[in-house]
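The exercises below are meant to be worked through with the coordinates open beside the text. Each one sets a task and then follows a solution step by step.

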Amino acid sequence: MVQIRETFLSTNSGSHVQEENCLRVKQNKFVSDSSFRHRGAPLAQTFSSFFLPEGYPASVSPDYLLFQCCDTLQAVCSYLRGLLATQAILVGVGVGDAAASATSATVQWVFRDLFAMFGSILFAWHGATQFGADIKKWRLFADFINDIGLTLELLAPLCQPYFLLVASVGNMCKAMCGVAAGATRAALTQHFAQTRNVSDVSAKEGI
C-alpha cells in the first residue's frame with residue numbers, strides 16, 4: 001500500500017513538473033513575441049513618418065491613403081513611359097546617327113521646349129479661373145492629357161517628316177498636364193489636411 005502511494009505521488013509530482021515546464025515555455029514564447037512586437041513598432045512608426053503625415057490617420061481625411069496608392073501607381077507608370085518617350089525623342093533628333101549634327105538636335109530640342117512653354121501659358125491664361133470649379137475633372141484631365149503627350153512622343157520617330165511637330169505637340173500636352181495638376185493639387189491638399197497640417201501633407205505628397 002505504501003509503495004502504491006509513493007508511486008502515485010511520484011507520478012503526480014512528475015505531471016506537475018511537466019505542467020510547470022509547459023507554462024514556462026508558453027510564458028517565454030509570449031515574452032519573446034511581445035518583445036518582437038515592441039521592437040517592430042518603432043520601425044513601423046519610423047517608416048510611416050517618412051511617407052505619411054504626422055498623426056496619421058487622424059490628421060488626414062479617410063480617402064487619403066487610397067488616393068496616394070493610386071497616385072503613386074500612376075506616377076510609376078508615367079515615369080516608365082517617360083523613359084521610353086525620352087528614348088524615342090533622342091532617336092528622333094539624331095542621337096546615334098553619324099549623319100546628324102549636334103546643332104540640329106539642339107535646335108529641335110529648343111523649339112520643342114518653346115512650343116510647350118507657349119502652350120502652357122495659353123492654357124493657363126484660358127483655364128486659370130476654371131480649375132477650382134471642378135477639381136476632379138481637371139485632375140483627370142491632367143492625367144489624360146499626359147497620356148496623350150507621352151503617346152505622341154513615342155510615335156514621333158515613326159512620323160519622320162513631321163517629327164518635330166508631333167514631338168512638340170506631345171511636349172505641349174505634358175506641359176498642360178503640369179498646369180492642370182499643379183492648379184488642382186492645392187485644393188486636394190487642403191481637402192486631405194484635417195488638422196491644419198497643409199504643409200506636412202504637401203511635403204509628403206512631393207516625395
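A surface patch, as used here, is made of residues with over 30% relative accessible area and no salt bridge, and nonpolar side chains are joined into one patch within 5 Å. The model to which this is applied is a predicted one.

**Exercise 1. Find the residues that form a nonpolar patch on the surface, and check Ile121 against the cut-off for accessible area.**

Solution. Step one is to list the members, which are Val110, Leu114, Met117, Phe118 and Ile121, with about 460 Å² of accessible area together. Step two is to place Ile121 in the fold, where it belongs to helix 3, spanning residues 102-127. Step three is the check itself: a patch residue needs over 30% relative accessible area, and Ile121, at 48%, is partly exposed.

**Exercise 2. Determine how many cavities of 30 Å³ or more there are, and describe the lining of the largest cavity.**

Solution. The count comes to 1 cavity of 30 Å³ or more, and the space in the largest cavity amounts to about 30 Å³. Its lining consists of Phe67, Arg185, Leu188, Thr189, Phe192 and Glu205. Sorted by class, these residues give 3 nonpolar, 1 polar and 2 charged. Helix 5, residues 163-192, makes the largest contribution to this lining, with 4 residues.

**Exercise 3. Describe the second largest pocket by its volume, its lining and the helices that supply the lining.**

Solution. The volume of the second largest pocket is about 370 Å³. Of the 14 residues that line the pocket, Phe67, Lys136, Arg139, Leu188 and Phe192 lie nearest its centre. At least two lining residues come from each of helix 2 (64-93), helix 4 (135-155) and helix 5, and helix 2 gives the most, with 5 residues. By class, the lining divides into 7 nonpolar, 2 polar and 5 charged residues.

**Exercise 4. Trace the salt bridges of Arg139, and decide whether Asp71 and Asp143 are buried or exposed.**

Solution. As a starting point, side chains of opposite charge can pair when their charged atoms come close. The structure holds 6 salt bridges, and one of them joins the side chains of Asp71 and Arg139 at 3.0 Å, N to O. Because Asp71 lies in helix 2 and Arg139 in helix 4, this pair ties together parts that are 68 residues apart in sequence. Arg139 also forms a salt bridge with Asp143, with the closest N and O atoms 2.9 Å apart; these two residues both lie in helix 4, 4 residues apart, or about one turn of the helix. As to burial, Asp71 and Arg139 are both buried, and Asp143 is buried as well.

**Exercise 5. Examine where Asp147 meets helix 2, beginning with its salt bridge to Arg81 and ending with its distance from Ser78.**

Solution. The side chains of Arg81 and Asp147 meet in a salt bridge at 2.8 Å, N to O. This pair links distant parts of the chain, with Arg81 in helix 2 and Asp147 in helix 4, 66 residues apart. Arg81 has a relative accessible area of 27% and is partly exposed, and Asp147 is likewise partly exposed, at 27%. Ser78, which is also found in helix 2, has its C-alpha 7.9 Å from that of Asp147, although 69 residues separate the two in sequence. Buried means under 20% relative accessible area, and Ser78, at 14%, therefore counts as buried.

Terms used
Residues are numbered from 1 along each chain as its sequence is written. This is a predicted model: local features need pLDDT of at least 70, side-chain atom pairs count only at pLDDT 80 or more; totals for chains, interfaces and linings use all residues. Side-chain values use heavy atoms; hydrogens and water are left out. Patches are made of residues with over 30% relative accessible area and no salt bridge: like charges are joined within 9 Å, nonpolar side chains (Val, Leu, Ile, Met, Phe, Trp, Tyr) within 5 Å. Accessible areas come from the Shrake-Rupley method with a 1.4 Å probe; for residues, only the protein chains shown count as cover. A salt bridge is a side-chain nitrogen of Lys or Arg within 4 Å of a carboxyl oxygen of Asp or Glu. Buried means under 20% relative accessible area, exposed over 50%, partly exposed in between (1.4 Å probe, protein chains only). On a 1 Å grid over the protein atoms alone, a cavity is a set of points where a 1.4 Å probe fits but cannot get out, and a pocket is an open set with protein on both sides within 12 Å along at least five of seven lines; lining residues have an atom within 4 Å of a point. Grid points are joined across faces, edges and corners, and a volume is the space filled by probe spheres set on the points. Ala, Val, Leu, Ile, Met, Phe, Trp, Tyr, Cys and Pro count as nonpolar, Asp, Glu, Lys and Arg as charged, and the others, Gly among them, as polar.
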